[in-house]
Amino acid sequence: MLEFREVAPPEPAPGQALVEVAAAGVNYIDTYHRSGLYPVPLPFIPGSEGAGTVRAVGEGVSEVAVGDRVAWTGVLGSYAEQAVVPADRLVPLPDGVTAEDAAAALLQGMTAHYLATSTYAIQPGDWALVHAAAGGVGLLLTQIAKLRGGHVLGTVSTPDKAKLARETGADEIASYDDFAQRARDLTGGEGFPVVYDGVGRTTFDASLDALRIRGMMVLFGASSGPVPPFDLQVLNAKGGLFITRPSLAHYTRDRAELLGRAEELFGWIRDGRVKVHLGGRYPLADAARAHEDLQGRRTTGKLLLLP
Ligand SMILES: NC(=O)c1ccc[n+]([C@@H]2O[C@H](COP(=O)([O-])OP(=O)(O)OC[C@H]3O[C@@H](n4cnc5c(N)ncnc54)[C@H](OP(=O)(O)O)[C@@H]3O)[C@@H](O)[C@H]2O)c1
């Protein structure tokens, strides 16, 4: 259950900063924390991403100062008016990037960044399959894949989502029933070098069928539910496929990697090369409704909670 409650204001411990939250990003992982798919000790304040202004710092903090505009991800507690965050997880916001942009883009945008530049680095001319192409990660991943010279086949569930995904750069759109065949048709029967699959249970098997020999299956989420245990021999039968199940934490391992990805992402946003699509702004008290809309497949792009 997700409930709006008054709690005592937090205080920054050594190494932490107290941030006044301007906007909190809603992410699918928040629903996994809420449902218990990813267990968290109860009760807890959800929210893995936010942006705002530093109001106080604990002992020994050198990364940020009072008054700095910052954003963060990977630390629980952003569904709040104030949050305490380890200072080494805070990313300074450059001029030209608003707190709303940052809260909307840091988690999903750095995810799209590592997927397209590191997990499988898209090369000019590559076809990539992007599931849920009108979703938060999907729209950003599509744009970054295109920036790198790739082609995108996106899956979506409705005509409106198809229109949005196309307008954002997807070259082709498929339904969840025919995407593997479409991938083969688009490549003369060969299949794609990479599939980015954040949908999970309902798409996993057909995603493997969309890949070429030695293609890379990047399973990065479970919006339809987790993929059940899997027979590795299938990877042989389907063409020596590669498979990985990455998380953002694996691709922001130290502060240099965190700041490097954030800097490139914010640069693209500031220059207009990557656009953030806000699909909904909700008052903080309506966080439960935001989760219902996200899990009900009624949303596009990014949802924000505004304290
Ligand atoms: N590993 C990582 O580092 C990482 C980081 C961020 C996000 N993720 C994962 O990426 C995925 C996308 O996250 P997001 O926050 O950007 O969410 P999102 O894509 O905006 O929302 C989920 C979308 O998934 C699609 N979907 C397909 N089957 C569904 C089902 N049975 N139930 C609900 N949705 C379904 C829906 O789009 P259609 O209606 O078009 O099908 C829905 O809008 C999630 O699985 C998330 O956990 C992983």
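**Two domains and two residues in a predicted model**

With a relative accessibility of 37%, Ser157 is partly exposed, because this class covers the range between the buried limit of 20% and the exposed limit of 50%. The model examined here is a predicted one. Within it, Ser157 sits in the loop that runs between strand 7 (151-155) and helix 4 (159-167). Leaving aside residues up to four places away in sequence, Ser157 is in contact with Tyr176 and Arg297. Tyr176 lies 19 residues from Ser157 along the chain, and 7.2 Å separates the C-alpha atoms of the two.

It helps to place this residue in the wider layout of the protein. The chain is divided into domain 1, which is made of two segments (16-106 + 253-306), and domain 2, which spans 124-245. Ser157 falls within the bounds of domain 2, whereas its contact partner Arg297 falls within those of domain 1. Taken over C-alpha atoms, the centres of domain 1 and domain 2 are 27 Å apart. To the contact between them, domain 1 gives 13 residues and domain 2 gives 17 residues.

What do the two domains bury between them? Domain 1 and domain 2 bury about 1300 Å², and carbon and sulfur atoms account for 63% of this area. On the side of domain 1 that touches domain 2, the residues divide by class into six nonpolar, four polar and three charged. Polar contacts are found here as well: eight residue pairs, with both members at pLDDT 80 or more, make such contacts across the interface of domain 1 and domain 2. Salt bridges, on the other hand, number zero across this interface.

The second residue to consider is Thr119, which belongs to helix 2 (residues 99-119). Is Thr119 buried or exposed? Its relative accessible area is 11%, so Thr119 counts as buried, the cut-off for this class being under 20%. Beyond residues up to four places away in sequence, Thr119 touches Tyr114, Met216, Val218, Thr244, Pro246 and Tyr251. One of these, Tyr251, also makes a polar contact with Thr119, side chain to side chain, at 3.3 Å. Another, Met216, is 97 residues from Thr119 along the chain, and the C-alpha atoms of this pair are separated by 9.1 Å.

Taken together, the two residues offer a pleasant contrast in setting: Ser157 is partly exposed in a loop, whereas Thr119 is buried and lies in a helix.

How values were computed. Residues are numbered from 1 along each chain as its sequence is written. This is a predicted model: local features need pLDDT of at least 70, side-chain atom pairs count only at pLDDT 80 or more; totals for chains, interfaces and linings use all residues. Side-chain values use heavy atoms; hydrogens and water are left out. Domain bounds come from an automatic or database domain assignment. Contact means heavy atoms within 4.5 Å. Buried area is the accessible area (1.4 Å probe) that two parts lose on being put together, summed over both. A salt bridge is a side-chain nitrogen of Lys or Arg within 4 Å of a carboxyl oxygen of Asp or Glu. A polar contact is a pair of N or O atoms within 3.5 Å; within protein, one must be able to donate a hydrogen and the other to accept it, and residues adjacent in sequence count only if both atoms are side-chain atoms. Ala, Val, Leu, Ile, Met, Phe, Trp, Tyr, Cys and Pro count as nonpolar, Asp, Glu, Lys and Arg as charged, and the others, Gly among them, as polar. Helices (H or I, at least four residues) and strands (E, at least two) are DSSP runs, numbered from the N terminus. Buried means under 20% relative accessible area, exposed over 50%, partly exposed in between (1.4 Å probe, protein chains only).
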